[in-house]
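Work through the exercises below with the sequence and the model side by side, trying each task before reading its solution.

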Amino acid sequence: MNIRSLIRTLRRNYWRLRLRLRFVDSTFLAGGKSVISSDLNAGPYSYIGPGCEIGAGVSIGAYTMLGPSVKIIGNDHIFNVPGSPIIFSGRPEFKPTNIGNDVWIGAGVIVISGCTIGDGAIVAAGSVVTKDILPLTIVAGVPARFVKSRFLT
(Lines give C-alpha, C1' and ligand atoms only; values in the text may rest on other atoms or scores of the structure.)
Protein backbone atom coordinates (compact mmCIF):
# COMPACT_ATOMS: atom_id res chain seq x y z
CA MET A 1 0.00 0.00 0.00
CA ASN A 2 1.47 3.34 -1.00
CA ILE A 3 1.31 6.49 1.12
CA ARG A 4 -1.52 8.02 -0.93
CA SER A 5 -3.76 4.97 -0.39
CA LEU A 6 -2.96 4.95 3.30
CA ILE A 7 -3.89 8.62 3.68
CA ARG A 8 -7.14 8.06 1.76
CA THR A 9 -8.04 5.10 3.97
CA LEU A 10 -7.29 7.04 7.16
CA ARG A 11 -9.37 9.97 5.94
CA ARG A 12 -12.33 7.72 5.13
CA ASN A 13 -12.16 6.03 8.52
CA TYR A 14 -11.87 9.37 10.31
CA TRP A 15 -15.08 10.72 8.75
CA ARG A 16 -16.97 7.46 9.27
CA LEU A 17 -16.07 7.50 12.97
CA ARG A 18 -16.54 11.24 13.50
CA LEU A 19 -19.96 11.29 11.86
CA ARG A 20 -20.94 7.89 13.37
CA LEU A 21 -21.80 6.48 9.96
CA ARG A 22 -22.43 2.76 10.38
CA PHE A 23 -24.26 2.03 7.12
CA VAL A 24 -21.78 3.36 4.57
CA ASP A 25 -19.42 1.35 2.40
CA SER A 26 -15.75 1.32 3.34
CA THR A 27 -15.00 3.27 0.14
CA PHE A 28 -17.45 6.10 1.00
CA LEU A 29 -15.81 9.51 1.32
CA ALA A 30 -17.00 12.80 2.81
CA GLY A 31 -15.08 15.80 1.51
CA GLY A 32 -15.15 18.01 4.57
CA LYS A 33 -17.24 19.40 7.38
CA SER A 34 -20.83 18.32 6.77
CA VAL A 35 -23.88 17.58 8.89
CA ILE A 36 -24.89 14.02 8.04
CA SER A 37 -27.53 11.92 9.78
CA SER A 38 -26.02 8.77 11.27
CA ASP A 39 -28.57 6.56 9.46
CA LEU A 40 -27.16 7.49 6.02
CA ASN A 41 -26.90 4.45 3.77
CA ALA A 42 -24.19 5.00 1.13
CA GLY A 43 -22.93 2.60 -1.54
CA PRO A 44 -19.41 1.93 -2.80
CA TYR A 45 -17.34 4.89 -4.01
CA SER A 46 -20.02 7.43 -3.16
CA TYR A 47 -18.88 10.94 -2.23
CA ILE A 48 -20.40 13.82 -0.27
CA GLY A 49 -18.75 17.20 -0.75
CA PRO A 50 -17.93 19.71 2.00
CA GLY A 51 -20.67 21.71 3.69
CA CYS A 52 -23.51 19.30 2.95
CA GLU A 53 -26.57 18.80 5.15
CA ILE A 54 -28.05 15.31 4.88
CA GLY A 55 -31.20 14.59 6.89
CA ALA A 56 -32.61 11.30 8.13
CA GLY A 57 -33.71 8.45 5.88
CA VAL A 58 -31.34 9.09 2.96
CA SER A 59 -29.94 6.30 0.79
CA ILE A 60 -27.20 7.01 -1.78
CA GLY A 61 -26.21 4.49 -4.46
CA ALA A 62 -22.81 3.43 -5.72
CA TYR A 63 -20.60 5.91 -7.62
CA THR A 64 -22.83 8.85 -6.68
CA MET A 65 -21.35 12.31 -6.13
CA LEU A 66 -22.86 15.18 -4.16
CA GLY A 67 -21.15 18.52 -4.72
CA PRO A 68 -20.45 21.07 -2.01
CA SER A 69 -23.31 22.53 0.04
CA VAL A 70 -25.96 20.04 -1.10
CA LYS A 71 -28.94 19.90 1.27
CA ILE A 72 -31.36 16.99 1.59
CA ILE A 73 -33.89 18.40 4.03
CA GLY A 74 -37.43 19.57 4.59
CA ASN A 75 -40.90 18.29 3.80
CA ASP A 76 -41.48 17.75 7.48
CA HIS A 77 -44.28 20.16 8.46
CA ILE A 78 -47.99 20.16 7.76
CA PHE A 79 -48.89 23.66 6.60
CA ASN A 80 -52.42 23.38 5.18
CA VAL A 81 -54.56 23.15 8.35
CA PRO A 82 -56.78 26.25 8.45
CA GLY A 83 -56.75 28.17 11.72
CA SER A 84 -53.78 26.29 13.15
CA PRO A 85 -50.24 27.67 13.34
CA ILE A 86 -47.73 25.57 11.41
CA ILE A 87 -45.77 24.84 14.57
CA PHE A 88 -48.81 23.04 16.04
CA SER A 89 -50.04 21.33 12.85
CA GLY A 90 -47.87 18.23 13.19
CA ARG A 91 -45.69 16.38 10.75
CA PRO A 92 -46.60 14.32 7.68
CA GLU A 93 -45.80 10.63 7.31
CA PHE A 94 -42.03 10.11 6.96
CA LYS A 95 -40.84 9.26 3.45
CA PRO A 96 -37.27 8.11 2.75
CA THR A 97 -35.09 9.82 0.15
CA ASN A 98 -33.47 7.53 -2.43
CA ILE A 99 -30.64 8.59 -4.71
CA GLY A 100 -29.66 5.98 -7.30
CA ASN A 101 -26.34 4.74 -8.63
CA ASP A 102 -24.03 6.96 -10.72
CA VAL A 103 -25.91 10.17 -9.89
CA TRP A 104 -24.20 13.56 -9.98
CA ILE A 105 -25.72 16.33 -7.86
CA GLY A 106 -24.14 19.74 -8.39
CA ALA A 107 -23.14 22.36 -5.84
CA GLY A 108 -25.83 24.07 -3.81
CA VAL A 109 -28.67 21.74 -4.78
CA ILE A 110 -31.59 21.35 -2.37
CA VAL A 111 -33.43 18.02 -2.46
CA ILE A 112 -36.72 17.96 -0.57
CA SER A 113 -36.91 14.85 1.61
CA GLY A 114 -38.96 11.99 0.19
CA CYS A 115 -37.84 12.43 -3.44
CA THR A 116 -36.30 9.68 -5.54
CA ILE A 117 -33.52 10.45 -8.01
CA GLY A 118 -33.10 7.69 -10.59
CA ASP A 119 -29.88 5.93 -11.62
CA GLY A 120 -27.57 7.98 -13.83
CA ALA A 121 -29.39 11.29 -13.35
CA ILE A 122 -27.62 14.66 -13.22
CA VAL A 123 -28.95 17.58 -11.18
CA ALA A 124 -27.51 20.97 -12.19
CA ALA A 125 -25.95 23.25 -9.59
CA GLY A 126 -28.35 25.44 -7.64
CA SER A 127 -31.44 23.41 -8.50
CA VAL A 128 -34.26 22.58 -6.10
CA VAL A 129 -35.59 19.03 -6.45
CA THR A 130 -39.23 18.86 -5.33
CA LYS A 131 -40.37 15.76 -7.28
CA ASP A 132 -38.96 12.41 -8.34
CA ILE A 133 -36.39 12.44 -11.17
CA LEU A 134 -36.35 9.74 -13.83
CA PRO A 135 -33.19 7.70 -14.50
CA LEU A 136 -30.65 8.99 -17.05
CA THR A 137 -32.09 12.50 -17.21
CA ILE A 138 -30.56 15.92 -16.69
CA VAL A 139 -32.60 18.41 -14.66
CA ALA A 140 -32.02 22.05 -13.73
CA GLY A 141 -33.77 25.04 -12.23
CA VAL A 142 -36.04 26.04 -9.38
CA PRO A 143 -37.97 23.80 -9.26
CA ALA A 144 -35.83 21.28 -11.12
CA ARG A 145 -37.22 20.46 -14.56
CA PHE A 146 -36.24 18.08 -17.33
CA VAL A 147 -33.54 19.50 -19.62
CA LYS A 148 -32.60 16.48 -21.72
CA SER A 149 -31.78 12.81 -21.61
CA ARG A 150 -28.23 12.04 -20.59
CA PHE A 151 -27.20 9.88 -23.56
CA LEU A 152 -29.55 10.89 -26.36
CA THR A 153 -28.55 13.78 -28.62
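**Exercise 1: a core residue and its surroundings**

Leaving aside its neighbours within four places in sequence, I117 is in contact (heavy atoms within 4.5 Å) with N98, I99, G100, V103, I105, V111, V123 and I133. The model is a predicted one, in which local features need pLDDT of at least 70 and side-chain atom pairs count only at pLDDT 80 or more, while totals for chains, interfaces and linings use all residues. Residues are numbered from 1 along each chain as its sequence is written, and side-chain values use heavy atoms, with hydrogens and water left out.

Task: state which residues touch the most other members of the largest nonpolar core.

Solution. A nonpolar core is a set of buried Ala, Val, Leu, Ile, Met, Phe, Trp, Tyr and Cys residues joined through side-chain atoms within 4.5 Å, where buried means under 20% relative accessible area, exposed over 50% and partly exposed in between, with a 1.4 Å probe and protein chains only. The largest such core has 29 residues, and those touching the most other members are L40, I48, I54, I105 and I117.

**Exercise 2: the open sheet**

Task: give the strand order of the five-stranded open sheet, and explain why one side of β3 and of β15 is left without a neighbour.

Solution. Strands are DSSP runs (E, at least two residues), numbered from the N terminus, and two of them pair if DSSP finds at least two bridges between them. The order is β3-β6-β9-β12-β15, with parallel pairing. Because β3 (35-36) and β15 stand at the edges with a single partner strand each, one side of each has no neighbour in the sheet. Further in, β6 (residues 53-54) runs parallel to β9 (residues 71-73) and is joined to it by two bridges; I54 stands opposite I72 in β9.

**Exercise 3: two loop residues**

Task: for T64 and then S127, determine the loop, the burial and the polar contact of the side chain.

Solution. T64 lies between β7 (58-60) and β8 (65-66) and is buried, with a relative accessible area of 0%. A polar contact is a pair of N or O atoms within 3.5 Å; within protein, one must be able to donate a hydrogen and the other to accept it, and residues adjacent in sequence count only if both atoms are side-chain atoms. A polar atom of the T64 side chain lies 3.3 Å from the backbone nitrogen of V103. Residues that T64 touches, beyond those up to four places away in sequence, include Y45, I99 and V103.

S127 is found in the loop between β14 (122-123) and β15 (128-129), and counts as buried at 1% relative accessibility. Its side chain reaches the backbone oxygen of A124 at 2.8 Å. Setting aside neighbours within four places in sequence, the contacts of S127 include G108, V139 and A144.

**Exercise 4: cysteines and aromatic rings**

Task: how many disulfides does a search of the whole structure find, and which residues form an aromatic pair?

Solution. A disulfide is a pair of cysteine sulfur atoms within 2.5 Å, and the search finds zero. The sulfur of C115 is 16 Å from the closest cysteine sulfur, in C52, which is too far for a bond. C52 is buried at 2% relative accessibility, as is C115 at 4%.

Rings of Phe, Tyr and Trp (its six-membered ring) pair if their centres lie within 6.5 Å; planes under 30 degrees apart count as stacked, over 60 as edge-to-face and the rest as tilted. The count comes to one pair: Y45 and Y63 are stacked, 5.8 Å centre to centre with 5° between the planes. The pair links distant parts of the chain, 18 residues apart, with Y45 in the loop between β4 (41-42) and β5 (47-48) and Y63 in the loop between β7 and β8. Y45 is partly exposed, at 49% relative accessible area.

Definitions and conventions
Helix = DSSP H or I, 4+ residues; strand = E, 2+ residues; numbered from the N terminus.
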